[in-house]
Amino acid sequence: MARILVIDDEAPIRENLVRFLVLEGHQVIQATDGRAGLEAIRTHKPDFILCDVMMPHLDGFEVLAATQSDPALRGIPFVFLSASAEPEKLEAALQQGATGYVTKPFNLANLRQLLATQLARLPPEGPAV
Amino acid sequence: MYTPVGAGVIDTQRVPVSYALTAAAGFFVVLGTKNFLDRDYVTGGLCVIAIVVALAYAHAIYRSRPQPMSDAVLTVLTICVLTVTIDRRGLIGVLWCPPLMLLLHLVTNRRASAAFDAAAVVIAVSMTYHQIDGLTAFRVSTILLISSAFAHIYARIMASHQARQEEQRQHLDLMVSCANVGGLEWDSKTRQMRCSQRLLDMLGNPPHANQPGWDILEWVHPDDRQSMVSDFFSLIHSSAQPGEVRKTEAHGFRLVTAQGQTLWVHAEAIAVGAQDGSTQKFIATFLDITQLRAAQADTLAALHRQEELNELRARFVAMASHEFRTPLATILSSTQLVRQYQDRLTPHEREELLASVENGVQRMTAMLDRILLINKADAQMLEFAPEQLDVVAVCRGIVKEVEQQADLRGCSIALETRLPTMVGYYDTKLLQHIFTNLLSNAIKYSPDNSRVLFRIDGEGDKTMFEVHDQGIGIPASDLPELFEPFHRGSNVSHIKGTGLGLTIVKKSVETHGGDITVHSEMGHGTCFRVTLASGNPSTA
């Protein structure tokens, strides 16, 4: 079981992700925009972050940049959920420190596999408290 | 180059004939003078007639004008005068003339010439009088024949040279007329301008053209005169080496025809330097490129339209890919959750997931409807069915609807109106398209807990609507394309939207016969002002 933070301003998608991750046995925290998401990262230091790109206040890239600039948060796997089909943008996200990306609409089976792979890479102690 | 061919041109072939006639006139001058001195006034008078006829005839032949009488008549007349004035018995000599003339004409390939005629006269007269022996008559006529033959050969050479020149000139003229080029020549002696017929045709044959003092600058578009003088005619006044040929670069000018039409011409000029360093010759050509420019403008406009369409397509693809993916993600994840975790979901959760599928489909349908609406408006097929209604009540209903549907984030809409009701003829659907979009935008781009002001006022048969927000504002650079489909402000990348709302607003306002203006200040807010005709003014 991992503590996963879901940041997305689109309520139906966010709710479905939370429901899916809970059913998968994870502990889930949710945030409705970039600013709330960054606060949640700093407060909860989750094991895994699933973050939308286009959001009010702070967009996904700004959240990632803020996370990467903090040594305490830099190691947390950060996966983008993007409605953009522009591969250059997603490749740029990987350059900036994201550990992966998922394009909308996403398949739950693929998401499950991605989670398993990325969580398995974590050191035994993990960034979680 | 432009001398007309025809009357008045010297015909070298006939020059010797006119010289011979002039010589004959000279002979009669001497003879006439002698007779007048001898008090023989009849013969002297005949000599005067002979002088006048010979000179008139010589001049007519020299200038290729219609001859006053035929060669034969003249010759007989001359012989008559000659024989009568010398000795009236000599009339018999006339009888010798026709066969001799015929023979000489046949020998010289029927080319009549006064020299041959003169030879015939001399032979005839001398044989009549027996005063000149046969050998002398033969010698005189032979000299006359040889000199006439030389004159004839010289005339032929000159004529063929002139014919060649004429052919070349016609060839050049043909080439120039084929190229459709108008010519302008500046004469350094008279300092006058002279246009070719083609240039005059291009200018619509303006009055007083090519007359002293005429200047083509009068027919150059006022905005182009300065550049024509500085870039073009300056060549005339610039100094040059003797014989040096200078050319201007090609220039595009506008000419204004006598009928007031504007012509675009492609002009080039060439100037040749004189011995004193001034310009000896200046020749300019003007090619009419009006149609070419029009075609070029059409091509550029088509290219611009194509670029706009490409941009529109790119914006549509970007929007559609983003805005369709979000509801698709909801639909796919909801259906997979129901399928994969059916047993672990409560009936309420299953119901929620199915409802989110429906919402996703509705969202996509609404987006498609908006695209189709714009398409319909573009094809001028947007329906306009005005009916009598109270516009204040309709707007109040729209405000309520927006407040229910939009994510208000503490924002509120305040409807302000001077009159409690304003009845007029409006199309409800178009009003909904206009104000639902303007009010939802006002809330979407405003900070949390801010106030949107919706003001309605009437004046005469006009109704003014203002939607005023305290939002982020629209950058000035986005204003020109604000109402273009799929265009989104450069400062709203973090706020979701399709870029269709304002296009629908604009098309709806236009269909309603109204107009829309926008005033925005970055960071302070935006005000959209819509003015519609109320149709039948009736306010209470």
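Across all chains of this predicted model, 12 aromatic pairs are counted, where rings of Phe, Tyr and Trp (its six-membered ring) pair if their centres lie within 6.5 Å, with planes under 30 degrees apart called stacked, over 60 edge-to-face and the rest tilted. One of these pairs is formed by A:Phe20 and B:Tyr341, whose rings meet edge-to-face at 6.3 Å centre to centre with 65° between the planes. This pair crosses between chains, since A:Phe20 belongs to helix α1 (residues 11-23) of chain A, whereas B:Tyr341 sits in the loop between α9 and α10 (347-378) of chain B. Helices (H or I, at least four residues) and strands (E, at least two) are DSSP runs, numbered from the N terminus. A:Phe20 and B:Tyr341 are both buried, a term that stands for under 20% relative accessible area, with exposed over 50% and partly exposed in between (1.4 Å probe, protein chains only).

A pair within chain B is made by B:Phe435 and B:Phe465, which is tilted because the ring centres are 4.7 Å apart and the planes stand at 40°. B:Phe435 lies in helix α12 (residues 428-444) and B:Phe465 in strand β11 (residues 462-468), so this pair ties together parts of chain B that are 30 residues apart in sequence. B:Phe435 is buried at 0% relative accessibility, and B:Phe465 is buried as well, with a relative accessible area of 1%. In addition, B:Phe232, B:Phe233, B:Phe253, B:Phe282 and B:Phe286 form one aromatic cluster.

Aromatic rings also meet charged side chains, where a charge is taken to sit over a ring if NZ of Lys or CZ of Arg is within 6 Å of the ring centre and within 35 degrees of the ring normal. B:Arg293 lies over the face of B:Trp264, at 3.5 Å from the ring centre, and the charged end of B:Lys506 sits over the ring of B:Phe483, 5.2 Å from its centre.

Residues are numbered from 1 along each chain as its sequence is written, and chains are lettered from A and ligands numbered from 1 in the order in which they are written. Because the model is predicted, local features need pLDDT of at least 70 and side-chain atom pairs count only at pLDDT 80 or more, while totals for chains, interfaces and linings use all residues; side-chain values use heavy atoms, with hydrogens and water left out.

The salt bridges number 19 over all chains, each being a side-chain nitrogen of Lys or Arg within 4 Å of a carboxyl oxygen of Asp or Glu. Three of them are set out below.

| Salt bridge | N to O distance | Relative accessible area |
|---|---|---|
| A:Glu24 and A:Arg112 | 3.0 Å | A:Glu24 27%, A:Arg112 28% |
| B:Arg169 and B:Glu166 | 3.1 Å | B:Arg169 22%, B:Glu166 25% |
| B:Asp448 and B:Arg409 | 2.7 Å | B:Asp448 39%, B:Arg409 28% |

The salt bridge of A:Glu24 with A:Arg112 joins the loop between α1 and β2 (27-31) to helix α5 of chain A, so parts 88 residues apart in sequence are tied together. B:Arg169 and B:Glu166, by contrast, both lie in helix α6 (residues 134-179) of chain B, 3 residues apart, which is about one turn of the helix. An α-helix has 3.6 residues a turn, so residues three or four places apart point the same way. In the bridge between B:Asp448 and B:Arg409, B:Asp448 lies in the loop between α12 and β10 and B:Arg409 in the loop between α11 (391-405) and β8 (412-417), so the pair ties together parts of chain B that are 39 residues apart in sequence. Salt bridges with shared partners also join B:Glu416, B:Arg455, B:Glu466 and B:Arg529 into one network.

The backbone has some features of its own. Helix α9 of chain B (residues 290-340) has 51 residues and should span 75 Å at 1.5 Å a residue, which agrees with the 72 Å between its end C-alpha atoms; the expected span is 1.5 Å times one less than the number of residues. In α9(B), a kink of about 30° lies at B:Arg325, shortly before the proline B:Pro327, the bend being the angle between axes fitted to the seven residues ending at a residue and the seven starting there. A cis peptide bond, with omega about -5°, joins A:Lys104 and A:Pro105, and A:Pro105 is placed in the loop between β5 (100-103) and α5 (108-120) of chain A. B:Asn449 has a positive phi of about 60° although it is not a glycine, and B:Asn449 is exposed, with a relative accessible area of 62%.
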